[in-house]
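The questions below ask how some descriptive terms apply to the structure shown here. Each answer sets a value against its definition and then concludes.

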Amino acid sequence: MKQSIIEQLREISRQERTILQSDSPVLSHFAAEPDLVTEETEEIPAPANMVTVLKHPRFVPFPFHIHSYLEMSYIVTGTLRHIISPDTELTLEAGDLLFLQPGTRHSTAEASYGDLAVHFLISPEFLRFPCEMLIEDTMFRRFMTDTINGTRSQEPFHLFHLQNMTKAQNLLENLILTLSENQRNRQRVLKITTAALMLELTQLTYKVTVGNPSSYEQELVLKALSYIENHYPNASLEDFCPSVNRPTKYIS
């Protein structure tokens, strides 16, 4: 990430100042009708645009909430702790990219000055665009298809570890730039770049943590993909299967 972008994100934003100076519930600052939001409010309405970019406000914790859109959160520097109901806790580090399905109840711990994160709020309807271009049947594609259809999948989140993934990071950098640049076709740029990012992520399945780590078959798939990535010149079923204590017929 360019240092100039990091420096811009480090500046205390107007929204951060407003939240810190206000006695209103934190979630009211993200609602279309803030006066209707109370301490007990959990559901936040969807934004007007198909893709919206927001800097994560620091210095305050976010209470549990749900929303009707797909949330994509990227950690630029530092860390950010997410709690996903009922009992999953994730500490995201710089370079991590988290996808949360609509309707997933979650909260975040207070972020400090050096914890910089950006959220992308994505309409489920928008996902039809990248899904139409995807041919391979991957877990991430199923995750997106479930989101489009309004189906609650067994994996409420996908977490990609993009620390060494230059192409994906460059696309995210371009998306974050839209926070400070008033481009004439800003929404169009957001849509095209977000779709390109999702196409890139479908090739990085071995870099993902799925939202149901107890799913045995999905763990095997991820282990197999990781093995192929690291041993592709000489990869074979006979070599991989003993490491997971399963016969070749089962794995194939």
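Q: Why is Gln-101 called buried?
A: In this predicted model, Gln-101 has a relative accessibility of 1%, and because buried means under 20% relative accessible area, with exposed over 50% and partly exposed in between (1.4 Å probe, protein chains only), the residue counts as buried. Its place is in the loop between strand 7 (96-100) and strand 8 (106-108), where helices (H or I, at least four residues) and strands (E, at least two) are DSSP runs numbered from the N terminus.

Q: Which residues is Gln-101 in contact with, leaving aside its neighbours within four places in sequence?
A: Contact means heavy atoms within 4.5 Å, and on that basis Gln-101 is in contact with Tyr-69, Leu-70, Phe-143, Asp-146, Thr-147, Thr-151, Arg-152, Ser-153, Glu-155 and Pro-156.

Q: What rules govern the numbering and the values used in these answers?
A: Residues are numbered from 1 along each chain as its sequence is written, and side-chain values use heavy atoms, with hydrogens and water left out. The model is predicted, so local features need pLDDT of at least 70 and side-chain atom pairs count only at pLDDT 80 or more, while totals for chains, interfaces and linings use all residues.

Q: What makes strand 1 and strand 6 edge strands of the sheet?
A: Five strands form an open sheet in the order 1-3-8-5-6, with mixed pairing. Strand 1 (43-44) and strand 6 (88-93) each have a single partner strand, so one side of each is left without a neighbour in the sheet.

Q: How do you know that strand 3 and strand 8 pair?
A: Two strands pair if DSSP finds at least two bridges between them, and strand 3 (residues 62-67) and strand 8 are joined over two bridges in the antiparallel sense, so the criterion is met. Within this pair, Phe-62 stands opposite Thr-108 of strand 8.

Q: What makes strand 5 a partner of strand 6 and of strand 8?
A: Strand 5 and strand 6 pair in the antiparallel sense over six bridges, and three bridges join strand 5 to strand 8, again antiparallel; both counts satisfy the requirement of at least two, so both are pairings. Leu-80 has Leu-92 as its bridge partner in strand 6, whereas His-82 has Thr-108 as its bridge partner in strand 8. A hairpin of three residues joins strand 5 to strand 6.

Q: Which residues of strand 5 (residues 79-84) form its covered face and which its uncovered one?
A: The covered face holds Leu-80, His-82 and Ile-84, and the uncovered one holds Thr-79, Arg-81 and Ile-83. In a regular strand the side chains alternate between the two faces of the sheet.

Q: Why does Arg-58 count as buried, and what does its side chain reach?
A: The relative accessible area of Arg-58 is 2%, which is under the limit for buried, and therefore the residue is buried. Arg-58 is found in the loop between strand 2 (51-55) and strand 3. Its side chain reaches the backbone oxygen of Glu-11 at 3.2 Å.

Q: How do you know that Lys-55 is buried?
A: Lys-55, which is found in strand 2, has a relative accessible area of 14%, and because this is under the limit for buried the residue takes that label.

Q: What makes the pairing of side chains between Lys-55 and Glu-16 a polar contact?
A: A polar contact is a pair of N or O atoms within 3.5 Å; within protein, one must be able to donate a hydrogen and the other to accept it, and residues adjacent in sequence count only if both atoms are side-chain atoms. The contact between the side chains of Lys-55 and Glu-16 is at 3.3 Å, so its distance falls within the limit. The backbone oxygen of Leu-9 also lies 2.6 Å from a polar atom of the Lys-55 side chain.

Q: Why is Phe-59 called partly exposed, whereas Asn-245 is called exposed?
A: At 23% relative accessibility Phe-59 falls in the middle class and so counts as partly exposed, while Asn-245, at 68%, is over the limit for exposed and therefore counts as exposed. Phe-59 lies in the loop between strand 2 and strand 3, and Asn-245 has its place in the loop between helix 8 (237-244) and helix 9 (248-251).
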